[in-house]
Amino acid sequence: MFEKRTKSIFIDGKWKDMDSQKTVTVYNPATLERLTDVAYGGASETKSAIEAASTAFPVWSEMTGRERSRILYKAAELMTEDADRLGEILTLEQGKPLKEAVGEVKGAAGFLLWYAEEASRGYGEWIPSSTKSKRLLVIPRPVGVIGAITPWNFPASMITRKLGPALAAGCTAVLKPAPETPLSAIEIVKIFAKAGMPNGVVNLVTGDAQAIGNEMLTNKDVRLITFTGSTAVGKYLMRESSEHVKKLSLELGGHAPSIVFDDADIDKATTLVLGSKFRNNGQTCICTNRLYVHESIADAFTSMLKDKVAQMKIGSGLGNDVELGPLINEKAFEKVQAHLDDAVKNGAKVVYGGSQWEGNLDGHFYQPTILSGATDNMLIMNEETFGPIIPVQTFTDEDEALRKANDTDYGLAAYIFTENTNRAIRASEKLEYGIVGVNDVFPSVPEAPFGGIKQSGVGKEGGHHGMDEFLEKKFISVGLDG
Ligand code: NAP
């Protein structure tokens, strides 16, 4: 399916060989088989890519929104038509079940479609002046060249959630995908080219994160860095970008609490919690990481959750009906095991799972796991696990649940399960999170703002809010005669 070596550096509309011949191998995380090698680019490739994006900026930004829109529509259409093949590539490099992967590709195309529609709606303002001799205008302008850095857990949608609004706004881009999942990025760049994107508007560099990131940070032509990944790297980018006062948009880690109130529909809530926790094998920034269940329903809830989890099929993402694929790598597996060990050491009981999945594949698989008796001091109740363990803690009243849910430096997503509308509104307003799901665990859609508060990030992706990140507001003050 793949060449021994796949070209992965795309600058000014051309696939390039690198200055150095250094490569990095892409593996199938389910089997640990080598898929292909891609270029290990660095500062010089990034510099050339930034130059290409700078040259393309006047061309792209001066096109009308309608003209940009047509290219984004075409890209969305091409991606949707090719979703099955792109989904298979995504599963091969990332591991998630094929159905989820095809769903991600269609969702990724959905961001392009939404921003194709938004491209011609960058409205300005005419502000009534307090003096008769002035006219006050505010016009939106694209910020310029942007650097986009993406993670491996959503190799397609994290790219289009950034490039969709950036391109619609009139920005040009240099993209650096995660080393585990460059193949989806390569396919997306090919789609843009096929859709008629002018040369230099979208450029791709795979390779040395430190060197690529450093060039983006120190090159004055890059006006904004949009990053999705860990809070640690987000903080680093924030510190280092201060030298040139670059704009930043950061989608960082989370530690989502799910609260199941005593008036919840237990059948519905167990299905939703399962969907939230085990999607992408728990490797999602908005996955439930802590589960608080009202003490009066905890036994019934845990028992039903266990029955449903026991039916989940584990295996290669390409296998029929598989719902849980591999963890991305050994480091991820070790983190999951460390969280499990720490919880058990501190008194948690394993209700289901609790160890490696002993299947016939070489990848790093972990059984879907439920723990009861979780307490506040456990690692798993404080740090992102990024794996398939769900710790259950009980609570006695609403205030206690909300206090525990808010007791974290993260603020990305939180979920509540209740059939009481008053409680739903009251609790949503009190949760210190950028996103609250009420009987809903899939709150990422192209038309609404997605993003965290506190140490989960700055800025929004999605909706018209997502496009605002890539627009400056220019104020034009006109003095009139007489
Ligand atoms: P990560 O280690 O922070 O890496 C993310 C990206 O940043 C990768 O492409 C990585 O490349 C790159 N990177 C690392 N150090 C860099 C540097 N010094 N300069 C420039 N780029 C650098 O995160 P991850 O493990 O891939 O992703 C998981 C994290 O992402 C989790 O914390 C998750 O919650 C978060 N996430 C958040 C959202 C959201 O919307 N808030 C969505 C998805 C994921 P290398 O791997 O080559 O270092």
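With which residues is Val-202 in contact, once its neighbours within four places in sequence are left aside? In this predicted model, the contacts of Val-202 are made with Phe-10, Leu-163, Leu-167, Ala-173, Val-189, Phe-192 and Met-197. Val-202 also belongs to the largest nonpolar core, which comprises 57 residues, and is listed with Met-79, Ile-146, Leu-163, Leu-167, Phe-192 and Met-197 as the members that touch the most others. Helix H4 gives the most to this core, contributing nine residues. Another core, of 33 residues, lies apart from it and includes Ala-264, Phe-278, Cys-285 and Ile-390.

Helix H4 covers residues 98-118, and because a rise of 1.5 Å a residue predicts a span of 30 Å for its 21 residues, the 30 Å that separates its end C-alpha atoms agrees with expectation. Among the buried residues of H4 are Val-102, Val-105, Phe-111, Leu-112 and Tyr-115, together with the charged residues Glu-104 and Glu-118. The buried residues of this helix pack against helices H2 (65-81), H3 (83-94), H5 (157-169), H6 (182-194) and H14 (463-468).

A search of the whole structure yields three cavities of 30 Å³ or more, and the largest has a volume of about 60 Å³. The lining of this largest cavity is formed by Met-79, Leu-86, Leu-90, Val-105, Ala-156, Ser-184, Glu-187, Ile-188 and Ile-191. Two or more lining residues come from each of H3 and H6, with H6 giving the most, namely four residues. By character, the lining divides into seven nonpolar residues, one polar residue and one charged residue.

Terms used:
Residues numbered from 1 in each chain as written. Predicted model: local features only at pLDDT ≥ 70, side-chain atom pairs only at ≥ 80, totals over all residues. Heavy atoms only, no water. Expected span 1.5 Å × (residues − 1). Buried < 20%, exposed > 50% of the residue type's maximum accessible area, 1.4 Å probe, protein only. Contact = heavy atoms within 4.5 Å. 1 Å grid on protein atoms, 1.4 Å probe; cavity = no way out; pocket = protein on both sides within 12 Å on 5 of 7 lines; lining within 4 Å. Points joined across faces, edges and corners; volume = space filled by probe spheres on them. Core = buried A, V, L, I, M, F, W, Y, C linked by side-chain atoms within 4.5 Å.
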